[in-house]
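The following exercises concern side-chain contacts and solvent accessibility. Each task is followed by a solution in steps.

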Amino acid sequence: SVVYGKMQGSFAVHGVPEEYFKVKDGIPFTFGRKPNPLDDTQFRKIAVIGSVVAERLFGKGENPVGKDVKVNGVIMKVVGVFYD
């Protein structure tokens with residue numbers, strides 16, 4: 001489950017390497033950014049979420065970048081929203 005405040009939903013959650021976004025280079029990002037090498041080297045707990053997840057948890061057109069979500073009990077900072 002993914003939780004933000006009082007909003008929650010069950011979504012597919014995948015841990016992907018940085019190379020995933022190189023393959024998917026054409027994916028438009030509505031807000032924020034893709035993961036970067038510093039995220040890995042500094043073991044940052046970040047999340048890049050799809051537009052459907054962002055709309056359900058934060059509302060249509062809201063920018064969730066910089067906000068914390070709880071993913072399966074782990075708090076992560078949203079750094080990007082991509083169109084899915």
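**Exercise 1.** Is Tyr4 buried, partly exposed or exposed?

*Solution.* The structure is a predicted model. The relative accessible area of Tyr4 is 26%. Buried would require a value under 20%, and exposed one over 50%. Tyr4 is therefore partly exposed.

**Exercise 2.** Determine how many aromatic pairs the structure holds, and classify the geometry of each.

*Solution.*

Step 1. The structure contains 2 aromatic pairs. One of them joins Tyr4 and Phe58, with 4.2 Å from centre to centre and 40 degrees between the planes. Stacked rings need planes under 30 degrees apart and edge-to-face rings over 60, so the pair of Tyr4 and Phe58 is tilted.

Step 2. Tyr4 belongs to strand β1 (residues 2–4) and Phe58 to helix α3 (residues 51–58); the pair therefore ties together parts that are 54 residues apart in sequence. Phe58 has a relative accessible area of 12% and is buried.

Step 3. For Phe29 and Phe82, the ring centres are 6.1 Å apart and the planes stand at 50 degrees, so this pair is tilted. Phe29 lies in strand β3 (residues 29–32) and Phe82 in strand β6 (residues 74–82), and the pair links these distant parts of the chain across 53 residues.

Step 4. Accessibility completes the description: Phe29 is partly exposed at 21%, whereas Phe82 is buried at 17%.

**Exercise 3.** Establish how many salt bridges a search of the whole structure finds, and describe each.

*Solution.*

Step 1. The search yields 3 salt bridges. As background, side chains of opposite charge can pair when their charged atoms come close.

Step 2. Arg33 and Asp39 form a salt bridge in which the closest N and O atoms are 2.8 Å apart. Asp39 also forms a salt bridge with Arg44, with 2.9 Å between the closest N and O atoms.

Step 3. Asp39 is buried, at 4% relative accessibility. Arg33 is partly exposed at 29%, and Arg44 is partly exposed at 34%.

Step 4. Asp68 and Lys77 meet through their side chains in a salt bridge with an N to O distance of 2.9 Å. Asp68 is partly exposed, with 40% relative accessibility, and Lys77 is partly exposed at 36%.

**Exercise 4.** Which residues are joined into one network by salt bridges that share partners?

*Solution.* The network consists of Arg33, Asp39 and Arg44. Its shared partner is Asp39, which bridges to Arg33 and to Arg44.

Note on methods
Residues are numbered from 1 along each chain as its sequence is written. This is a predicted model: local features need pLDDT of at least 70, side-chain atom pairs count only at pLDDT 80 or more; totals for chains, interfaces and linings use all residues. Side-chain values use heavy atoms; hydrogens and water are left out. Rings of Phe, Tyr and Trp (its six-membered ring) pair if their centres lie within 6.5 Å; planes under 30 degrees apart count as stacked, over 60 as edge-to-face and the rest as tilted. Helices (H or I, at least four residues) and strands (E, at least two) are DSSP runs, numbered from the N terminus. Buried means under 20% relative accessible area, exposed over 50%, partly exposed in between (1.4 Å probe, protein chains only). A salt bridge is a side-chain nitrogen of Lys or Arg within 4 Å of a carboxyl oxygen of Asp or Glu.
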